[in-house]
Amino acid sequence: MKTIGLIGGMSFESTAVYYRMINEAVRARLGGLHSADVLVHSVDFQSIVDLQKAGRWDAAGERLGAVAAGLEKAGADCVLICTNTMHLVADAVQAAVKAPLLNIIDETAREIFAAGKRRPLLLATRYTMEHGFYADRMKAAGLDVVVPDDAGRTLIHDVIFNELCQGKVLETSREHVLALIEAAREQGADCVILGCTEICLLLDPENLPLPGFDSTAIHARAAVDFALGPIVASKAA
């Protein structure tokens, strides 16, 4: 089993989900009392949010790059940034280590494309929805990302930071977000990306107006496939 390195704490709510999902998947694959070989460096999220608000993405990249290097030195065979937004600095993080960075955008795009979907609605932080890094990388993978209007983007951003990252899951917010998905469906979106690692706390990807792709679960599965090797379907005799 290879060792998985997690850059967490952004927020710790979703990092806990990663830890649970990864370990549950390893136990399901190997049985018994098996669990994942995981290293976690959980940063102080407020320090990262301060850099985001100040537009100091270079400094944020240096910070997370140093964390990644520490995980690699401690024995991590791969690194995951346990947040969509901070993949804005994914290149800087990858440059700091020799171990592969498993990119949440690439992994999510691969699953969407394989499912035959091409026009996903992206629900995420304002940084992820409005900076070009996410949509551009999805476009290179053959996907045409759409986002809510300005009011919808504000709603999603506020729900993430003011509620989900602080452990609050509100039914009223769930209803508002479902309405955004329904509106996007009527405008031609063919699926929805839960593009913030906390959104899975609010929405069940199996119970949405559009087919849902949970980036957190996808990223966690990618980590387990890296650690154990992908599951290969057996051929019929």
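**Entry 1. Asn-103**

I began with Asn-103 and found that it touches His-87, Ala-90, Arg-137 and His-219, leaving aside residues up to four places away in sequence. I note at the outset that the model is predicted. I then looked up where Asn-103 sits: it lies in the loop between helix H4 (90-95) and helix H5 (104-114). Is Asn-103 buried or exposed? Its relative accessible area is 8%, and because buried means under 20%, I recorded Asn-103 as buried.

**Entry 2. The sheet of E1, E2 and E3**

I turned to the N-terminal part of the chain and traced an open sheet of 3 strands in the order E2-E1-E3, with parallel pairing. Strand E2 (38-42) and strand E3 (78-81) stand at the edges; each has a single partner strand, so one side of each is left without a neighbour in the sheet. From one strand to the next I noted an average twist of 20 degrees.

I next examined the pairing of strand E1 (residues 4-8) with E2, which run parallel and are joined by 5 bridges. Which residues face each other across this pair? Ile-4 stands opposite Val-38 in E2. For Leu-6, I found the bridge partner Val-40, also in E2. As background, I wrote down that strands of a sheet pair through backbone hydrogen bonds, either parallel or antiparallel.

**Entry 3. Helix H1 and the turn into it**

I followed the chain out of E1 and located Ser-11 in the loop between E1 and H1. The peptide bond from Met-10 to Ser-11 is cis, with omega near 0 degrees. I set beside this the general rule that most peptide bonds are trans.

Helix H1 (residues 12-30) lies across E1, E2 and E3, and I recorded that it runs at about 160 degrees to E1. What hand does the unit of E1, H1 and E2 have? I entered it as a right-handed β-α-β unit.

**Entry 4. Helix H2**

I listed the buried residues of helix H2 (residues 45-53) as Phe-45, Ile-48, Val-49, Leu-51 and Gln-52. They cover an arc of only 160 degrees around the axis, which puts them on the same side of H2. I then asked what these buried residues pack against. The partners are helix H3 (57-74), helix H6 (126-130) and H8. Just after H2, I found Gly-55 with a positive phi of about 70 degrees.

**Entry 5. The sheet of E4, E5 and E6**

I found that 3 strands form an open sheet in the order E4-E5-E6, and that the pairing is parallel. Its edge strands are strand E4 (120-123) and strand E6 (212-214), each of which pairs on one side only. I noted a twist that averages 20 degrees from one strand to the next.

Strand E5 (residues 191-194) runs parallel to E6, and 3 bridges join the two. Within this pair, I saw that Leu-194 stands opposite Asp-214 in E6. Which helix packs on this sheet? H5 does, touching E4, E5 and E6, and its direction makes about 160 degrees with that of E5.

**Entry 6. Helix H9**

I checked the length of helix H9 (171-186). At 1.5 Å a residue, its 16 residues should span 22 Å; the end C-alpha atoms are 23 Å apart, which agrees.

I listed the buried residues of H9 as Ser-173, Val-177, Leu-180, Ile-181 and Ala-184. Seen down the axis, these fall within an arc of 95 degrees, so they line one face of the helix. I then looked up what covers them, and the cover includes E4, helix H8 (150-163) and E5.

**Entry 7. Gly-188**

I closed with Gly-188, placed in the loop between H9 and E5. Gly-188 follows H9 and has a positive phi, near 110 degrees. The general expectation is that most residues other than glycine have a negative phi. Is Gly-188 buried, partly exposed or exposed? At 38% relative accessibility, I counted Gly-188 as partly exposed, because partly exposed lies in between under 20% and over 50%. Finally, I looked up Gly-188 and Arg-27, which are 161 residues apart along the chain; their C-alpha atoms are separated by 39 Å.

Definitions and conventions
Residues numbered from 1 in each chain as written. Predicted model: local features only at pLDDT ≥ 70, side-chain atom pairs only at ≥ 80, totals over all residues. Heavy atoms only, no water. Pairing = 2+ DSSP bridges. Helix = DSSP H or I, 4+ residues; strand = E, 2+ residues; numbered from the N terminus. Axes fitted to C-alpha atoms, helices over the stretch in contact; angles between N-to-C directions. Contact = heavy atoms within 4.5 Å. Buried < 20%, exposed > 50% of the residue type's maximum accessible area, 1.4 Å probe, protein only. Right-handed = clockwise from strand over helix to strand, strands pointing away. Expected span 1.5 Å × (residues − 1). Arc of directions from axis to C-beta.
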